[in-house]
Amino acid sequence: MTGIAVALLVLLGLLVVLVQATVGASRASTAADLAALAAADAARGLTEGEPCAVAGEVARKHDVDLVHCAQIGTTGHIVDVTTSLRISPILNDATGRARAGPPPALP
């Protein structure tokens, strides 16, 4: 009986770790999406601010670290963002990556 209880507790612990990892990955990904969209708006002049500074502010508001931000493309209106979130000492950091910019020009 004790063995079954221990096995159930171990399984429950693993489930908690899996849920933490899933939630962390979702938070990092969502923050990267939002940061990239805000930075792309700033790159196009639709909002004020330097694009990567805007991305950093959005990431900070979501309690996520901005790891990488770069303006790419011939016009610099596309922004590539990578975020990271520390989940726990046991797990690796969760990361998110997003790219945003204007829609492609029609032929």
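Begin by selecting helices H1 and H2 in this predicted model: H1 passes H2 in a right-handed crossing. H1 covers residues 2-43 and H2 covers residues 51-61. Their axes lie 8 Å apart and meet at an angle of about 150°. Because angles over 145 degrees count as roughly antiparallel, H1 and H2 are roughly antiparallel to each other.

Next, display the side chains where the two helices meet. On the H1 side, select Leu34, Ala35, Ala38, Ala39, Ala42 and Ala43. On the H2 side, their partners are Pro51, Val54, Ala55 and Val58. By class, this contact comprises ten nonpolar residues, with no polar and no charged ones.

From the helix contact, proceed to the interior. The largest nonpolar core has 13 residues, and those touching the most other members are Ala35, Ala36, Ala55, Cys69, Val79 and Val81. To see which elements supply two or more residues to this core, colour H1, H2, strand E2 (78-85) and strand E3 (94-100). H1 gives the most, with six residues. In soluble globular proteins, nonpolar side chains tend to be buried together.

Which residues does Val79 touch, beyond those up to four places away in sequence? Select Val79 and show its surroundings: the contacts include Ala36, Ala39, Ala40 and Ala43, together with Pro51. Val79 also touches Cys69, Ala70 and Gln71, as well as Ala98, Arg99 and Ala100.

Apart from the largest core lies another, of five residues. Select Ala28, Val64, Leu85 and Ala94, which are among its members.

The tour now turns to the end of H2 and the loop after it. Select Lys61, which is placed in helix H2. Is Lys61 buried or exposed? Its relative accessibility is 64%, so Lys61 counts as exposed. For a long view of the model, draw a distance from Lys61 to Thr2: the two are 59 residues apart in sequence and 46 Å apart in space, C-alpha to C-alpha.

Move on to His62, in the loop between H2 and E1. With a relative accessibility of 33%, His62 counts as partly exposed. Leaving aside neighbours within four places in sequence, His62 is in contact with Arg27, Ala31 and Leu34. Leu34 was also selected above, as one of the H1 residues that meet H2. A second distance to draw runs from His62 to His77: these residues are 15 apart in sequence, while their C-alpha atoms are 23 Å apart.

Asp63 is the next selection, in the loop between H2 and strand E1 (65-72). Inspect its backbone: Asp63 has a positive phi of about 55° although it is not a glycine. The relative accessibility of Asp63 is 57%, so it counts as exposed.

Continue to Asp65, which has its place in strand E1. Asp65 is exposed, at a relative accessible area of 52%. Which residues are in contact with Asp65 once neighbours within four places in sequence are left aside? They are Thr82, Thr83 and Ser84. Asp65 can also be located relative to Ala28: the pair is 37 residues apart in sequence, yet 8.6 Å apart from C-alpha to C-alpha. Ala28 has already appeared as a member of the five-residue core.

Finish at Ser84, found in strand E2. Is Ser84 buried or exposed? At 9% relative accessibility, Ser84 counts as buried. Its contacts, again leaving aside neighbours within four places in sequence, include Val64, Asp65 and Val67. Ser84 is also in contact with Asp93, Ala94 and Thr95. Finally, draw the distance between the C-alpha atoms of Ser84 and Leu66: they are separated by 6.5 Å, with their positions 18 residues apart along the chain.

Technical notes:
Residues are numbered from 1 along each chain as its sequence is written. This is a predicted model: local features need pLDDT of at least 70, side-chain atom pairs count only at pLDDT 80 or more; totals for chains, interfaces and linings use all residues. Side-chain values use heavy atoms; hydrogens and water are left out. Axes are lines fitted to C-alpha atoms, for helices over the stretch in contact, and angles run from 0 to 180 degrees between N-to-C directions. Helices (H or I, at least four residues) and strands (E, at least two) are DSSP runs, numbered from the N terminus. Angles under 35 degrees count as roughly parallel, over 145 as roughly antiparallel, 65 to 115 as roughly perpendicular and the rest as oblique. A crossing is left-handed if the near helix is turned anticlockwise from the far one by less than a right angle, and right-handed if clockwise. Contact means heavy atoms within 4.5 Å. Ala, Val, Leu, Ile, Met, Phe, Trp, Tyr, Cys and Pro count as nonpolar, Asp, Glu, Lys and Arg as charged, and the others, Gly among them, as polar. A nonpolar core is a set of buried Ala, Val, Leu, Ile, Met, Phe, Trp, Tyr and Cys residues joined through side-chain atoms within 4.5 Å. Buried means under 20% relative accessible area, exposed over 50%, partly exposed in between (1.4 Å probe, protein chains only).
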